[in-house]
Amino acid sequence: MLSNTTDPIVAVATAAGRGAVGIVRVSGARLAPLIAAVCAKPLRPREATYLPFRDAAGEPVDHGLAIHFPAPHSFTGEDVLELQAHGGAVVLQLLLARCLEAAAEVDGATGRARLPGLRVAQPGEFSQRAFLNGKIDLAQAEAIADLIDASTEAAARSAGRSLSGAFSREIHVLRDALVHLRMLVEATLDFPEEDIDFLQKADAAGQLAALQAQLAAVRRRAQQGALLREGIKVVIAGQPNAGKSSLLNALAGAELAIVSAVPGTTRDVVAQTIQIHGVPVHVADTAGLRESHDEVEQIGIARAWNQIESADAVLFLHDLTRADDAAYASGDGDILASLQCKLPNGVPVLDVWNKHDAVSAAAQRDGLVLSAKTGFGIEALRSRLLDIAGWQAVPEGVYLARARHVQALRQVADHVDRAAGQLAARLPALDLLAEELRLAQNALNEITGEFGADELLGVIFSRFCIGK
Ligand code: GDP
(Lines give C-alpha, C1' and ligand atoms only; values in the text may rest on other atoms or scores of the structure.)
Protein backbone atom coordinates (compact mmCIF):
# COMPACT_ATOMS: atom_id res chain seq x y z
CA MET A 1 0.00 0.00 0.00
CA LEU A 2 1.21 3.50 -0.69
CA SER A 3 1.17 5.67 2.38
CA ASN A 4 -0.26 9.15 2.37
CA THR A 5 1.83 10.89 -0.24
CA THR A 6 1.25 14.47 0.87
CA ASP A 7 2.38 14.30 4.52
CA PRO A 8 5.70 16.00 5.15
CA ILE A 9 8.34 13.37 5.93
CA VAL A 10 11.68 13.23 7.74
CA ALA A 11 14.38 10.56 8.06
CA VAL A 12 18.03 9.98 8.76
CA ALA A 13 19.33 9.61 5.21
CA THR A 14 22.76 8.19 5.99
CA ALA A 15 23.55 4.61 6.99
CA ALA A 16 23.14 3.50 10.60
CA GLY A 17 26.33 3.50 12.62
CA ARG A 18 29.09 6.00 13.28
CA GLY A 19 30.47 8.30 10.62
CA ALA A 20 32.06 11.70 10.23
CA VAL A 21 28.88 13.13 8.77
CA GLY A 22 25.25 12.11 9.02
CA ILE A 23 22.29 13.65 7.23
CA VAL A 24 18.72 14.26 8.34
CA ARG A 25 16.44 14.99 5.43
CA VAL A 26 13.00 16.61 5.47
CA SER A 27 10.60 16.89 2.53
CA GLY A 28 7.29 18.70 2.54
CA ALA A 29 5.20 21.40 0.93
CA ARG A 30 6.56 24.44 2.80
CA LEU A 31 9.49 24.17 5.17
CA ALA A 32 10.25 27.83 5.97
CA PRO A 33 8.63 27.80 9.46
CA LEU A 34 10.53 24.62 10.38
CA ILE A 35 13.79 26.10 9.10
CA ALA A 36 13.19 29.19 11.23
CA ALA A 37 12.83 27.02 14.34
CA VAL A 38 15.74 24.61 13.80
CA CYS A 39 18.22 26.87 11.99
CA ALA A 40 17.10 30.19 13.54
CA LYS A 41 17.62 32.03 10.27
CA PRO A 42 16.44 31.85 6.68
CA LEU A 43 18.61 29.84 4.28
CA ARG A 44 19.59 30.88 0.78
CA PRO A 45 18.38 28.34 -1.81
CA ARG A 46 20.78 25.46 -2.47
CA GLU A 47 23.60 27.06 -0.45
CA ALA A 48 25.26 25.33 2.46
CA THR A 49 25.15 27.40 5.66
CA TYR A 50 27.19 26.45 8.72
CA LEU A 51 25.11 27.01 11.85
CA PRO A 52 23.98 25.53 15.15
CA PHE A 53 20.87 23.31 14.99
CA ARG A 54 18.71 24.56 17.85
CA ASP A 55 16.52 22.71 20.33
CA ALA A 56 13.26 24.15 21.70
CA ALA A 57 15.17 26.23 24.26
CA GLY A 58 17.43 27.65 21.54
CA GLU A 59 20.42 25.58 22.71
CA PRO A 60 22.54 23.90 20.02
CA VAL A 61 21.89 20.18 19.45
CA ASP A 62 24.90 20.09 17.12
CA HIS A 63 26.64 22.37 14.63
CA GLY A 64 26.61 21.54 10.95
CA LEU A 65 25.55 22.48 7.44
CA ALA A 66 21.97 23.22 6.51
CA ILE A 67 20.83 23.28 2.87
CA HIS A 68 17.39 24.25 1.64
CA PHE A 69 16.28 23.04 -1.80
CA PRO A 70 13.06 24.98 -2.47
CA ALA A 71 10.40 23.20 -4.52
CA PRO A 72 10.40 22.17 -7.29
CA HIS A 73 14.20 22.11 -7.68
CA SER A 74 14.87 19.27 -5.27
CA PHE A 75 15.23 15.52 -5.34
CA THR A 76 11.60 14.95 -4.35
CA GLY A 77 10.19 17.94 -6.20
CA GLU A 78 8.95 19.27 -2.85
CA ASP A 79 10.64 21.67 -0.42
CA VAL A 80 13.63 19.75 0.95
CA LEU A 81 15.85 20.54 3.94
CA GLU A 82 19.09 18.67 4.55
CA LEU A 83 20.84 18.94 7.88
CA GLN A 84 24.40 17.62 7.77
CA ALA A 85 25.44 16.92 11.32
CA HIS A 86 28.03 14.74 13.00
CA GLY A 87 27.40 11.12 12.13
CA GLY A 88 26.63 9.59 15.50
CA ALA A 89 23.48 7.57 16.01
CA VAL A 90 22.43 9.61 19.09
CA VAL A 91 23.12 13.01 17.49
CA LEU A 92 21.09 12.10 14.43
CA GLN A 93 18.20 10.70 16.48
CA LEU A 94 18.20 13.93 18.55
CA LEU A 95 18.09 15.99 15.40
CA LEU A 96 15.30 13.86 13.95
CA ALA A 97 13.32 14.21 17.19
CA ARG A 98 13.97 17.95 17.14
CA CYS A 99 12.53 18.24 13.61
CA LEU A 100 9.40 16.35 14.68
CA GLU A 101 9.07 18.51 17.79
CA ALA A 102 9.63 21.79 15.92
CA ALA A 103 7.08 20.73 13.30
CA ALA A 104 4.43 20.35 15.97
CA GLU A 105 5.27 23.68 17.72
CA VAL A 106 2.85 26.52 17.15
CA ASP A 107 4.37 29.24 15.02
CA GLY A 108 3.93 32.64 16.72
CA ALA A 109 3.44 34.39 13.38
CA THR A 110 0.63 32.18 12.04
CA GLY A 111 -0.80 30.59 15.17
CA ARG A 112 -0.55 27.18 13.44
CA ALA A 113 1.83 24.24 13.72
CA ARG A 114 5.05 24.91 11.83
CA LEU A 115 4.83 21.79 9.68
CA PRO A 116 1.60 19.92 10.47
CA GLY A 117 1.65 16.15 10.06
CA LEU A 118 5.43 15.69 9.82
CA ARG A 119 6.20 12.01 10.27
CA VAL A 120 9.13 9.65 9.90
CA ALA A 121 9.46 8.48 6.29
CA GLN A 122 8.98 4.88 5.29
CA PRO A 123 11.67 3.10 3.29
CA GLY A 124 11.90 4.52 -0.22
CA GLU A 125 9.44 7.31 0.43
CA PHE A 126 11.72 10.14 -0.78
CA SER A 127 12.27 8.32 -4.08
CA GLN A 128 8.57 7.61 -4.28
CA ARG A 129 7.86 11.33 -3.98
CA ALA A 130 10.41 12.01 -6.72
CA PHE A 131 8.55 9.54 -8.92
CA LEU A 132 5.09 10.88 -8.07
CA ASN A 133 6.24 14.43 -8.74
CA GLY A 134 7.62 13.45 -12.14
CA LYS A 135 11.27 13.98 -11.22
CA ILE A 136 12.21 10.45 -12.24
CA ASP A 137 10.33 7.53 -13.74
CA LEU A 138 9.90 4.16 -12.13
CA ALA A 139 12.86 2.48 -13.84
CA GLN A 140 15.09 5.33 -12.63
CA ALA A 141 13.70 5.09 -9.09
CA GLU A 142 14.53 1.39 -9.05
CA ALA A 143 18.00 2.20 -10.33
CA ILE A 144 18.61 4.32 -7.21
CA ALA A 145 18.00 1.31 -4.97
CA ASP A 146 20.09 -0.86 -7.29
CA LEU A 147 22.97 1.60 -7.28
CA ILE A 148 22.98 1.60 -3.49
CA ASP A 149 22.82 -2.20 -3.38
CA ALA A 150 25.27 -2.81 -6.24
CA SER A 151 27.81 -5.44 -5.28
CA THR A 152 30.18 -5.06 -8.21
CA GLU A 153 31.63 -2.14 -10.10
CA ALA A 154 29.91 -3.22 -13.33
CA ALA A 155 26.56 -3.40 -11.53
CA ALA A 156 27.09 0.07 -10.06
CA ARG A 157 28.04 1.54 -13.42
CA SER A 158 25.07 0.03 -15.19
CA ALA A 159 22.72 1.12 -12.40
CA GLY A 160 24.14 4.62 -12.87
CA ARG A 161 23.34 4.34 -16.56
CA SER A 162 19.73 3.33 -15.79
CA LEU A 163 19.45 6.16 -13.27
CA SER A 164 20.57 8.70 -15.83
CA GLY A 165 17.69 7.50 -17.99
CA ALA A 166 19.46 5.38 -20.64
CA PHE A 167 17.09 2.46 -20.11
CA SER A 168 14.02 4.71 -19.94
CA ARG A 169 15.03 6.43 -23.19
CA GLU A 170 15.15 3.10 -25.01
CA ILE A 171 11.73 2.24 -23.60
CA HIS A 172 10.42 5.58 -24.86
CA VAL A 173 11.79 4.95 -28.35
CA LEU A 174 9.97 1.61 -28.41
CA ARG A 175 6.82 3.23 -27.08
CA ASP A 176 6.88 5.96 -29.73
CA ALA A 177 7.20 3.35 -32.47
CA LEU A 178 4.28 1.43 -30.97
CA VAL A 179 2.14 4.55 -30.68
CA HIS A 180 2.80 5.35 -34.31
CA LEU A 181 1.74 1.88 -35.39
CA ARG A 182 -1.33 2.02 -33.20
CA MET A 183 -2.35 5.28 -34.81
CA LEU A 184 -2.17 3.69 -38.24
CA VAL A 185 -4.20 0.68 -37.19
CA GLU A 186 -6.78 2.70 -35.25
CA ALA A 187 -7.21 4.99 -38.25
CA THR A 188 -7.98 1.96 -40.37
CA LEU A 189 -10.52 0.82 -37.79
CA ASP A 190 -12.16 4.22 -37.52
CA PHE A 191 -12.45 4.71 -41.25
CA PRO A 192 -13.49 1.36 -42.66
CA GLU A 193 -13.14 2.64 -46.19
CA GLU A 194 -9.39 2.76 -45.46
CA ASP A 195 -8.84 -0.95 -45.70
CA ILE A 196 -5.80 -3.10 -45.43
CA ASP A 197 -4.26 -1.41 -48.47
CA PHE A 198 -3.81 1.65 -46.33
CA LEU A 199 -1.69 -0.34 -43.87
CA GLN A 200 0.30 -1.81 -46.71
CA LYS A 201 1.00 1.58 -48.22
CA ALA A 202 2.16 2.87 -44.86
CA ASP A 203 4.45 -0.19 -44.61
CA ALA A 204 2.95 -1.24 -41.28
CA ALA A 205 4.58 -4.65 -41.62
CA GLY A 206 8.00 -3.07 -42.15
CA GLN A 207 7.51 -0.83 -39.14
CA LEU A 208 6.45 -3.76 -37.02
CA ALA A 209 9.49 -5.76 -38.12
CA ALA A 210 11.77 -2.84 -37.19
CA LEU A 211 10.06 -2.63 -33.82
CA GLN A 212 10.62 -6.35 -33.26
CA ALA A 213 14.33 -5.97 -34.00
CA GLN A 214 14.67 -2.99 -31.67
CA LEU A 215 12.78 -4.80 -28.96
CA ALA A 216 15.01 -7.85 -29.26
CA ALA A 217 18.09 -5.67 -28.76
CA VAL A 218 16.62 -3.98 -25.69
CA ARG A 219 15.62 -7.35 -24.25
CA ARG A 220 19.13 -8.71 -24.69
CA ARG A 221 20.64 -5.75 -22.87
CA ALA A 222 18.02 -5.86 -20.12
CA GLN A 223 18.66 -9.57 -19.61
CA GLN A 224 22.37 -8.90 -19.26
CA GLY A 225 21.56 -6.09 -16.85
CA ALA A 226 19.37 -8.38 -14.77
CA LEU A 227 22.25 -10.83 -14.66
CA LEU A 228 24.58 -8.11 -13.39
CA ARG A 229 22.11 -7.37 -10.65
CA GLU A 230 21.18 -10.88 -9.62
CA GLY A 231 24.34 -12.80 -10.54
CA ILE A 232 24.45 -16.59 -10.69
CA LYS A 233 24.60 -19.19 -7.98
CA VAL A 234 27.26 -21.84 -8.17
CA VAL A 235 27.77 -24.72 -5.78
CA ILE A 236 31.31 -25.94 -5.34
CA ALA A 237 31.58 -29.57 -4.29
CA GLY A 238 34.55 -31.78 -3.66
CA GLN A 239 36.37 -33.74 -1.00
CA PRO A 240 38.58 -32.04 1.58
CA ASN A 241 41.85 -30.85 0.07
CA ALA A 242 40.64 -31.08 -3.52
CA GLY A 243 41.42 -27.35 -3.63
CA LYS A 244 38.01 -25.71 -3.22
CA SER A 245 39.27 -22.65 -1.32
CA SER A 246 42.25 -22.33 -3.62
CA LEU A 247 39.96 -22.46 -6.64
CA LEU A 248 37.67 -19.83 -5.16
CA ASN A 249 40.64 -17.52 -4.67
CA ALA A 250 41.93 -18.20 -8.15
CA LEU A 251 38.51 -17.51 -9.66
CA ALA A 252 38.13 -14.30 -7.72
CA GLY A 253 41.59 -13.22 -8.92
CA ALA A 254 42.03 -9.49 -8.87
CA GLU A 255 38.28 -8.92 -8.91
CA LEU A 256 37.80 -9.45 -5.22
CA ALA A 257 34.17 -9.19 -4.23
CA ILE A 258 33.02 -6.12 -2.41
CA VAL A 259 30.36 -8.10 -0.58
CA SER A 260 30.89 -11.59 0.64
CA ALA A 261 27.51 -12.58 1.96
CA VAL A 262 24.60 -13.81 -0.09
CA PRO A 263 21.48 -12.30 1.42
CA GLY A 264 19.87 -14.74 3.78
CA THR A 265 22.87 -16.99 4.27
CA THR A 266 25.36 -17.07 7.06
CA ARG A 267 28.38 -15.00 6.19
CA ASP A 268 31.66 -16.86 5.71
CA VAL A 269 30.30 -20.24 6.70
CA VAL A 270 29.08 -21.65 3.44
CA ALA A 271 28.68 -18.89 0.90
CA GLN A 272 30.83 -16.25 -0.71
CA THR A 273 30.39 -13.90 -3.63
CA ILE A 274 33.10 -13.40 -6.21
CA GLN A 275 32.76 -11.61 -9.51
CA ILE A 276 33.71 -12.66 -12.99
CA HIS A 277 33.91 -9.77 -15.44
CA GLY A 278 31.55 -7.88 -13.16
CA VAL A 279 28.93 -10.62 -12.90
CA PRO A 280 28.36 -11.54 -9.25
CA VAL A 281 28.90 -15.27 -8.75
CA HIS A 282 27.56 -16.55 -5.44
CA VAL A 283 29.52 -19.63 -4.52
CA ALA A 284 28.15 -22.01 -1.90
CA ASP A 285 30.67 -24.48 -0.51
CA THR A 286 29.37 -27.96 0.22
CA ALA A 287 32.13 -28.37 2.80
CA GLY A 288 29.75 -26.56 5.10
CA LEU A 289 27.03 -29.09 4.34
CA ARG A 290 28.14 -31.93 6.57
CA GLU A 291 25.89 -33.68 9.09
CA SER A 292 25.81 -31.58 12.22
CA HIS A 293 24.28 -31.77 15.68
CA ASP A 294 24.93 -28.12 16.38
CA GLU A 295 21.60 -26.31 16.20
CA VAL A 296 22.98 -23.03 14.86
CA GLU A 297 25.02 -24.85 12.25
CA GLN A 298 21.96 -26.85 11.22
CA ILE A 299 20.13 -23.61 10.49
CA GLY A 300 23.07 -22.46 8.37
CA ILE A 301 23.11 -25.75 6.51
CA ALA A 302 19.39 -25.66 5.85
CA ARG A 303 19.81 -22.17 4.40
CA ALA A 304 22.70 -23.35 2.25
CA TRP A 305 20.58 -26.14 0.82
CA ASN A 306 17.92 -23.55 0.01
CA GLN A 307 20.61 -21.74 -1.93
CA ILE A 308 21.60 -24.91 -3.70
CA GLU A 309 18.04 -25.62 -4.74
CA SER A 310 18.19 -22.45 -6.81
CA ALA A 311 21.75 -23.08 -8.06
CA ASP A 312 22.58 -22.37 -11.69
CA ALA A 313 25.51 -24.78 -11.79
CA VAL A 314 27.64 -27.13 -9.70
CA LEU A 315 31.42 -27.20 -9.88
CA PHE A 316 32.48 -30.69 -8.91
CA LEU A 317 36.14 -30.49 -8.06
CA HIS A 318 38.42 -33.54 -8.25
CA ASP A 319 42.05 -33.89 -7.23
CA LEU A 320 44.18 -35.19 -10.13
CA THR A 321 46.90 -36.39 -7.74
CA ARG A 322 44.44 -38.79 -6.14
CA ALA A 323 42.46 -39.67 -9.27
CA ASP A 324 43.62 -43.29 -9.27
CA ASP A 325 43.01 -43.88 -5.58
CA ALA A 326 39.97 -46.16 -5.11
CA ALA A 327 38.97 -44.69 -1.73
CA TYR A 328 39.08 -41.19 -3.22
CA ALA A 329 36.97 -42.24 -6.19
CA SER A 330 34.38 -43.75 -3.90
CA GLY A 331 34.30 -40.50 -1.87
CA ASP A 332 33.54 -38.62 -5.09
CA GLY A 333 30.78 -41.15 -5.81
CA ASP A 334 29.14 -40.35 -2.45
CA ILE A 335 29.22 -36.62 -3.11
CA LEU A 336 27.71 -37.07 -6.56
CA ALA A 337 24.93 -39.25 -5.14
CA SER A 338 24.02 -36.67 -2.51
CA LEU A 339 24.08 -33.86 -5.08
CA GLN A 340 21.90 -35.85 -7.46
CA CYS A 341 19.26 -36.40 -4.83
CA LYS A 342 19.24 -32.77 -3.67
CA LEU A 343 19.81 -30.84 -6.88
CA PRO A 344 16.82 -29.93 -9.00
CA ASN A 345 16.79 -31.44 -12.48
CA GLY A 346 18.60 -29.66 -15.23
CA VAL A 347 21.29 -27.99 -13.12
CA PRO A 348 24.57 -28.62 -14.94
CA VAL A 349 27.33 -30.38 -12.99
CA LEU A 350 30.73 -29.34 -14.28
CA ASP A 351 33.58 -31.78 -13.61
CA VAL A 352 36.74 -29.89 -12.81
CA TRP A 353 40.10 -31.60 -12.34
CA ASN A 354 42.49 -29.62 -10.19
CA LYS A 355 46.26 -29.74 -9.54
CA HIS A 356 47.24 -30.16 -13.17
CA ASP A 357 50.67 -28.82 -12.22
CA ALA A 358 51.31 -31.70 -9.79
CA VAL A 359 50.90 -34.60 -12.19
CA SER A 360 53.39 -35.44 -14.89
CA ALA A 361 51.32 -36.87 -17.71
CA ALA A 362 47.66 -36.11 -17.20
CA ALA A 363 45.33 -38.80 -18.51
CA GLN A 364 42.39 -37.70 -20.63
CA ARG A 365 39.59 -36.49 -18.36
CA ASP A 366 35.99 -35.53 -18.94
CA GLY A 367 35.60 -31.92 -17.97
CA LEU A 368 37.97 -29.05 -17.40
CA VAL A 369 41.56 -29.62 -16.27
CA LEU A 370 43.15 -26.77 -14.37
CA SER A 371 45.50 -25.71 -11.64
CA ALA A 372 44.30 -23.38 -8.92
CA LYS A 373 47.95 -22.93 -8.00
CA THR A 374 49.41 -21.83 -11.35
CA GLY A 375 46.21 -20.43 -12.85
CA PHE A 376 46.29 -22.88 -15.77
CA GLY A 377 42.75 -23.38 -17.12
CA ILE A 378 41.19 -20.79 -14.79
CA GLU A 379 40.25 -18.40 -17.61
CA ALA A 380 38.52 -21.27 -19.42
CA LEU A 381 36.51 -22.02 -16.29
CA ARG A 382 35.56 -18.36 -15.86
CA SER A 383 34.31 -18.21 -19.46
CA ARG A 384 32.47 -21.46 -18.97
CA LEU A 385 30.68 -20.09 -15.91
CA LEU A 386 29.71 -16.95 -17.81
CA ASP A 387 28.38 -19.11 -20.66
CA ILE A 388 26.23 -21.03 -18.21
CA ALA A 389 24.98 -17.73 -16.83
CA GLY A 390 24.03 -16.60 -20.34
CA TRP A 391 26.44 -13.67 -20.25
CA GLN A 392 27.26 -12.44 -23.73
CA ALA A 393 28.14 -8.80 -23.85
CA VAL A 394 30.83 -6.74 -22.27
CA PRO A 395 29.06 -4.59 -19.69
CA GLU A 396 29.50 -1.45 -21.84
CA GLY A 397 26.07 -0.15 -22.74
CA VAL A 398 24.26 -2.50 -20.41
CA TYR A 399 21.79 -0.90 -18.04
CA LEU A 400 20.84 -2.51 -14.82
CA ALA A 401 17.44 -4.11 -15.13
CA ARG A 402 15.29 -6.13 -12.83
CA ALA A 403 13.47 -9.40 -13.31
CA ARG A 404 10.29 -7.27 -13.43
CA HIS A 405 11.60 -5.40 -16.47
CA VAL A 406 12.72 -8.54 -18.25
CA GLN A 407 9.29 -10.06 -17.67
CA ALA A 408 7.48 -6.96 -18.92
CA LEU A 409 9.66 -6.89 -22.04
CA ARG A 410 8.82 -10.53 -22.68
CA GLN A 411 5.13 -9.66 -22.55
CA VAL A 412 5.69 -6.78 -24.95
CA ALA A 413 7.45 -9.14 -27.34
CA ASP A 414 4.63 -11.71 -27.10
CA HIS A 415 2.01 -9.12 -27.97
CA VAL A 416 4.10 -7.61 -30.76
CA ASP A 417 4.72 -11.08 -32.23
CA ARG A 418 1.01 -11.83 -32.17
CA ALA A 419 0.33 -8.47 -33.80
CA ALA A 420 2.85 -9.32 -36.53
CA GLY A 421 1.13 -12.69 -36.99
CA GLN A 422 -2.20 -10.92 -37.54
CA LEU A 423 -0.72 -8.48 -39.99
CA ALA A 424 0.86 -11.28 -41.98
CA ALA A 425 -2.44 -13.18 -42.21
CA ARG A 426 -4.28 -13.22 -45.50
CA LEU A 427 -7.26 -11.54 -43.89
CA PRO A 428 -5.94 -9.71 -40.82
CA ALA A 429 -8.40 -9.15 -37.96
CA LEU A 430 -7.67 -5.48 -37.51
CA ASP A 431 -9.43 -5.22 -34.14
CA LEU A 432 -7.27 -8.03 -32.75
CA LEU A 433 -4.18 -6.40 -34.21
CA ALA A 434 -5.11 -3.11 -32.52
CA GLU A 435 -5.72 -4.88 -29.22
CA GLU A 436 -2.34 -6.66 -29.27
CA LEU A 437 -0.58 -3.36 -29.90
CA ARG A 438 -2.50 -1.74 -27.06
CA LEU A 439 -1.51 -4.54 -24.67
CA ALA A 440 2.10 -4.28 -25.82
CA GLN A 441 2.10 -0.59 -24.98
CA ASN A 442 0.59 -1.23 -21.55
CA ALA A 443 3.31 -3.76 -20.73
CA LEU A 444 5.94 -1.27 -21.86
CA ASN A 445 4.47 1.50 -19.74
CA GLU A 446 4.66 -0.70 -16.67
CA ILE A 447 8.44 -0.45 -16.82
CA THR A 448 8.54 3.32 -16.51
CA GLY A 449 5.48 3.40 -14.26
CA GLU A 450 3.37 5.45 -16.62
CA PHE A 451 0.75 2.83 -16.15
CA GLY A 452 0.75 0.73 -13.03
CA ALA A 453 -1.27 -0.46 -10.14
CA ASP A 454 -0.76 1.02 -6.69
CA GLU A 455 0.31 -2.33 -5.27
CA LEU A 456 3.10 -2.54 -7.81
CA LEU A 457 4.40 0.85 -6.67
CA GLY A 458 4.05 -0.12 -3.02
CA VAL A 459 6.06 -3.29 -3.51
CA ILE A 460 8.83 -1.51 -5.38
CA PHE A 461 9.32 1.38 -2.97
CA SER A 462 8.98 -0.63 0.24
CA ARG A 463 12.25 -2.41 -0.62
CA PHE A 464 14.24 0.80 -0.48
CA CYS A 465 16.23 1.82 2.58
CA ILE A 466 14.93 4.54 4.88
CA GLY A 467 15.91 8.04 3.92
CA LYS A 468 16.02 7.28 0.19
P1 GDP B 1 39.85 -27.51 0.11
O2 GDP B 1 39.95 -28.28 1.38
O3 GDP B 1 39.14 -28.29 -0.93
O4 GDP B 1 39.29 -26.14 0.29
O5 GDP B 1 41.35 -27.38 -0.45
P6 GDP B 1 42.41 -26.19 -0.30
O7 GDP B 1 42.13 -25.11 -1.27
O8 GDP B 1 42.55 -25.81 1.11
O9 GDP B 1 43.73 -26.91 -0.85
C10 GDP B 1 44.21 -28.12 -0.26
C11 GDP B 1 45.68 -28.28 -0.57
O12 GDP B 1 45.87 -28.46 -1.96
C13 GDP B 1 46.51 -27.08 -0.17
O14 GDP B 1 47.73 -27.52 0.36
C15 GDP B 1 46.73 -26.36 -1.49
O16 GDP B 1 47.93 -25.64 -1.51
C17 GDP B 1 46.80 -27.51 -2.46
N18 GDP B 1 46.37 -27.12 -3.81
C19 GDP B 1 45.22 -26.52 -4.16
N20 GDP B 1 45.18 -26.33 -5.50
C21 GDP B 1 46.34 -26.80 -6.00
C22 GDP B 1 46.91 -26.91 -7.32
O23 GDP B 1 46.35 -26.48 -8.34
N24 GDP B 1 48.13 -27.48 -7.43
C25 GDP B 1 48.81 -27.95 -6.35
N26 GDP B 1 50.00 -28.51 -6.56
N27 GDP B 1 48.30 -27.87 -5.10
C28 GDP B 1 47.09 -27.31 -4.91
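**Ligand contacts and an enclosed cavity**

Author: In this predicted model, Ser 371 places a polar side-chain atom 3.1 Å from an oxygen atom of the ligand. Residues are numbered from 1 along each chain as its sequence is written, and side-chain values use heavy atoms, with hydrogens and water left out. Local features need pLDDT of at least 70 and side-chain atom pairs 80 or more, whereas totals for chains, interfaces and linings use all residues.

Reader: Why is the Ser 371 pair called a polar contact?

Author: A polar contact is a pair of N or O atoms within 3.5 Å, so the Ser 371 pair, at 3.1 Å, qualifies. By the same cut-off, the 3.0 Å between a polar side-chain atom of Lys 355 and a ligand oxygen qualifies, as does the 2.9 Å between a polar backbone atom of Gly 243 and a ligand oxygen.

Reader: Which residues of the shell around the ligand are the closest?

Author: The shell holds 15 residues, each with a heavy atom within 4 Å of the ligand, and the closest are Asn 241, Lys 244, Ser 245, Ser 246 and Asp 357. Helix 9 (residues 244-252) gives the most to this shell, with three residues.

Reader: What lines the second largest cavity, and of which class are those residues?

Author: Leu 181, Val 185, Ala 204, Leu 208, Leu 423, Leu 433 and Leu 437 line this cavity, and helix 6 (166-190), helix 8 (204-230) and helix 14 (430-448) each give two or more of them. Ala, Val and Leu are among the residues that count as nonpolar, so the lining comes to seven nonpolar, no polar and no charged residues.

Conventions: 1 Å grid on protein atoms, 1.4 Å probe; cavity = no way out; pocket = protein on both sides within 12 Å on 5 of 7 lines; lining within 4 Å. Helix = DSSP H or I, 4+ residues; strand = E, 2+ residues; numbered from the N terminus. Polar contact = N/O pair within 3.5 Å; in protein donor to acceptor, adjacent residues only side chain to side chain.
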